Amino acid sequence: MNVNEKITTFLNSNLLDKYLIGQTTTSESVEVEHYINTYPEVKKVYEQLQDKLELSAQINAVKAPKNALDNILNALEEETPVIPMQPKKPKRKWFSLAIAASVAALLFAGSSAYLYVQNSNLSSENQVIVDEIFDLRSDIAKNNNRLNDILEQFKQLNNPETEKYVLQGNRSAKDLKTVAYINPKEKKSMIDVVSLPQLPDDQVYQIWADIQGKMVSLGILTEADRKLQEIPYTEDALGLSISVEPKGGSLERSNDTPVAEISLKLNE
């Protein structure tokens with residue numbers, strides 16, 4: 001085999017490529033370095049491959065954190081075997097540096113992605129907690145408002161100026177019982193629906209105030225009204241009455257015989 005055939009066979013063996021990326025054995029490295037130092041054609045190809053690899057490394061390299069790069073370089077220095085008769089390769093040091101920077105950049109990118117996912121999950125969890133706190137505050141505010149209303153009602157019930165009136169149902173509504181609390185001094189009225197007999201779906205109970213013989217509606221009573229609540233205060237009312245009216249209520253009391261009524265002592 002002549003020299004040219006020998007060089008061609010060597011170049012086709014890919015040993016030069018493996019040597020550039022540090023994948024050759026000790027004996028293979030010795031063989032590659034022999035060809036580089038002996039044959040200018042091989043040395044030229046070797047330098048061309050170096051230039052291409054360096055350019056690729058520079059394009060893809062990303063600046064890595066200093067500490068990570070130092071650690072990787074130290075590890076490379078400790079693990080690189082000593083190869084006898086190694087020719088001077090100033091460019092290979094830069095190539096190793098670029099490879100190390102690329103590896104460090106990949107590690108850094110992976111850590112950043114992990115931290116981003118963790119931060120996103122934490123942000124979602126924090127938002128859930130914020131929403132729960134907001135709902136809790138809303139519930140507390142509602143409860144506080146309800147408590148204030150109850151305290152105000154309790155204050156009105158225990159006011160010496162507040163008069164209590166019990167409206168009992170007649171034979172047409174024996175189970176009806178409603179309690180009215182009226183304070184003429186503060187001009188406030190409240191009603192407590194204790195019990196309401198069941199009515200057909202097309203009828204309702206309606207409460208009225210008797211003002212000089214004229215019946216003024218104070219509203220419709222329903223099952224939902226079974227709690228202490230305010231009703232309009234009527235000046236100079238002579239009495240209260242409850243009648244059965246068509247669904248939706250009436251503008252005027254249509255039943256001359258109410259199911260419950262009581263006289264007031266407001267003007268006595």
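**Exercise 1. Find which residues lie nearest the centre of the largest cavity, and say how many cavities there are.**

Solution. Start with the lining: 12 residues line the largest cavity, and those nearest its centre are I182, S189, P232, T234 and L240. What counts as a cavity here? On a 1 Å grid over the protein atoms alone, it's a set of points where a 1.4 Å probe fits but cannot get out, and lining residues have an atom within 4 Å of a point. Rolling a probe the size of a water molecule over the atoms shows where empty space is left. Next, the volume: the largest cavity comes to about 60 Å³, where a volume is the space filled by probe spheres set on the points, with grid points joined across faces, edges and corners. Finally, the count: there are two cavities of 30 Å³ or more.

A quick word on the model before you go on: it is predicted, so local features need pLDDT of at least 70 and side-chain atom pairs count only at pLDDT 80 or more, while totals for chains, interfaces and linings use all residues. Residues are numbered from 1 along each chain as its sequence is written, and side-chain values use heavy atoms, with hydrogens and water left out.

**Exercise 2. List the helices and strands in the order they appear.**

Solution. First count: the protein has six helices and eight strands. These are DSSP runs numbered from the N terminus: helices are H or I with at least four residues, strands are E with at least two. Then read along the sequence, and you get α-α-α-α-α-α-β-β-β-β-β-β-β-β.

**Exercise 3. Work out the strand order of the open sheet that holds β1, and name its edges.**

Solution. Two strands pair if DSSP finds at least two bridges between them. Following the pairs gives four strands in the order β1-β2-β3-β6, with antiparallel pairing. The edges are β1 (163–168) and β6 (228–231), as each pairs on one side only. From one strand to the next, the twist averages 25 degrees; axes are lines fitted to C-alpha atoms, for helices over the stretch in contact, and angles run from 0 to 180 degrees between N-to-C directions. Now zoom in on one pair: β3 (residues 188–195) and β6 are joined by four bridges in the antiparallel sense, and M190 sits opposite E230 in β6.

**Exercise 4. Do the same for the open sheet that holds β8.**

Solution. The order of these four strands is β5-β4-β7-β8, again with antiparallel pairing. β5 and β8 (260–263) each have a single partner strand, so one side of each is left without a neighbour in the sheet. Strand β4 (residues 203–211) is tied to β5 (residues 214–221) by seven bridges. Among the partners, Y205 goes with L221 and Q206 with I220. In the hairpin of β4 and β5, two residues lie between the strands, and Q212 takes a positive phi near 50 degrees.

**Exercise 5. Is S241 buried or exposed, and what does its side chain contact?**

Solution. Locate S241 first: it's in β7 (residues 239–246). Its relative accessible area is 3%. Buried means under 20%, exposed over 50%, partly exposed in between (1.4 Å probe, protein chains only). So S241 is buried. Its side chain makes a polar contact with the side chain of R253 at 2.9 Å (N or O atoms within 3.5 Å; within protein, one must be able to donate a hydrogen and the other to accept it, and residues adjacent in sequence count only if both atoms are side-chain atoms).

Definitions and conventions. On a 1 Å grid over the protein atoms alone, a cavity is a set of points where a 1.4 Å probe fits but cannot get out, and a pocket is an open set with protein on both sides within 12 Å along at least five of seven lines; lining residues have an atom within 4 Å of a point.
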